[in-house]
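Trainee: Could you take me through one part of this structure in detail? I'd like to look closely at a single helix-helix contact between the two chains and then see what surrounds it.

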Amino acid sequence: MPARPLSPHLSVYRFAYTMSLSILHRATGIALSAGLLMLVCWLMAAAAGPETHASVTSALSHGPFQVVLAAWLVSFVYHLGAGIRHICWDFGYGFEKHQARASARWLVVLVALVATGLLYLFFCPTGVRP
Amino acid sequence: MRGADAKSGLRRGSARNGVHHWLALHRVSSFALLPLSAWFACSLLALRGFDYAAVVAWLSSPWQAVLACLFVATSAWHSKMGIQVVIEDYVHGHGTKLLAMYVSQFVHVLVAMGGLFAVLKIAFGAH
């Protein structure tokens, strides 16, 4: 163990809802790492040729995988939105408690709107289905 | 080089400039990923279904291939940095932590190389 302090000593803090957003940023980041692995597998399948690509794409068109793809899409939108919030903090903006709470609300609303829109665009008109 | 510092640094990580340097690189990748990931999402939307011909047509365009390579490489880098922080925070015990770090690094290098190779193969193979 490094002797320096490490970040998440969650149990010592009184719970605030902004904390769940921070935890969610991490969780979606981990999910997106797995998503990147899947994306590269898909690209590799395309590079291997039409048959491999078709088999991977048809596997992805099944119900459980569609749910996972949808979850990755929502994770992507959330992680991007929360990431912008983190970048603002890095530059010293929005640190006050009322600002952080306001940006948390904006984040949830905007992510919900954008994610719903993208879910519709990706899954409804033509669908991710091949 | 101060011997005592170098020795104590072996197991404890850097408490000085190194950490900030690495954190800065994580931030740089997050900046780069703002436009890159927006472009990537738009590209996938424009594919209209993920059929083979559409993917090949997409990546056969030189600039699209370059952006795809940048997206894969930057994502792998960003992911590697993020997973590293998660391992530092949640994996306890020196040996397990080190092992987790190595596995993560190897997987990320594999992901980056795989993604780059796939994009380039499609880009160069398409005529």
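Mentor: Let's fix one term before we start: two residues are in contact if their C-beta atoms, placed from the backbone, lie within 7 Å. Keep in mind too that this is a predicted model.

With that cut-off, here's the contact I'd pick. On one side, α1(A) brings Leu36(A), Leu37(A), Val40(A), Leu43(A), Met44(A), Ala46(A) and Ala47(A). Facing them in α5(B) are Val111(B), Gly114(B), Gly115(B), Ala118(B), Val119(B), Lys121(B) and Ile122(B). Sort those residues by class and you get 11 nonpolar, two polar and one charged. As for geometry, the two helices pack at an angle of about 35°, and their axes are 8 Å apart. The crossing of α1(A) with α5(B) is left-handed.

Now look at α5(B) by itself. This helix covers residues 94-125 of chain B. Its 32 residues reach 46 Å from the first C-alpha to the last, close to the 46 Å expected at 1.5 Å a residue. The buried residues in α5(B) are His108(B), Val111(B), Ala112(B), Gly115(B), Ala118(B), Val119(B), Ile122(B) and Ala123(B). They pack against α1 of chain A, and also against α3 and α4 of chain B.

Several of these names come back in the largest nonpolar core, which has 30 residues. Val40(A), Leu43(A), Ala46(A), Val72(B), Ala118(B), Val119(B) and Ile122(B) have the most contacts inside this core. At least two core residues come from each of α1, α2 and α3 of chain A, and from each of α2, α3, α4 and α5 of chain B. The largest share, eight residues, is supplied by α1(A). In soluble globular proteins, nonpolar side chains tend to be buried together.

Val72(B) is a handy place to see the chains meet. Set aside its neighbours within four places in sequence, and Val72(B) is in contact with Val40(A) from the other chain, plus Ala112(B), Gly115(B), Leu116(B) and Val119(B).

Back on the chain A side, α1(A) also has a partner within its own chain. It packs with α2(A) at an angle of about 145°, with axes 5 Å apart, and this crossing is left-handed. Here Trp42(A), Ala45(A), Ala46(A) and Ala48(A) of α1(A) meet Thr52(A), His53(A) and Val56(A) of α2(A). That contact divides into five nonpolar residues, two polar and no charged.

Zooming out to the whole interface, 31 residues of chain A are in contact with 30 residues of chain B. On the chain A side, α1, α2, α3 and α4 each supply at least two residues, and α1(A) gives the most, with 11. By class, that side of chain A has 21 nonpolar, seven polar and three charged residues.

For contrast, try Ala71(A), which lies in helix α3 of chain A, residues 63-90. Ala71(A) counts as partly exposed because it has 13 C-beta neighbours inside 10 Å. Its C-alpha is 9.9 Å from that of Ala115(A), 44 residues along the chain.

Last, the setting of α5(B): chain B has five helices and zero strands. Of its 127 residues, 20% count as buried. Among contacts in chain B with a separation of 6 or more, 72% join residues 24 or more positions apart.

Conventions
Residues are numbered from 1 along each chain as its sequence is written. Chains are lettered from A and ligands numbered from 1 in the order in which they are written. This is a predicted model: local features need pLDDT of at least 70, side-chain atom pairs count only at pLDDT 80 or more; totals for chains, interfaces and linings use all residues. Helices (H or I, at least four residues) and strands (E, at least two) are DSSP runs, numbered from the N terminus. A residue is buried if 20 or more other C-beta atoms lie within 10 Å of its own, exposed if 12 or fewer, and partly exposed in between; C-beta atoms are placed from the backbone. Ala, Val, Leu, Ile, Met, Phe, Trp, Tyr, Cys and Pro count as nonpolar, Asp, Glu, Lys and Arg as charged, and the others, Gly among them, as polar. Axes are lines fitted to C-alpha atoms, for helices over the stretch in contact, and angles run from 0 to 180 degrees between N-to-C directions. A crossing is left-handed if the near helix is turned anticlockwise from the far one by less than a right angle, and right-handed if clockwise. A nonpolar core is a set of buried Ala, Val, Leu, Ile, Met, Phe, Trp, Tyr and Cys residues joined through C-beta atoms within 7 Å. The expected span of a helix is 1.5 Å times one less than its number of residues.
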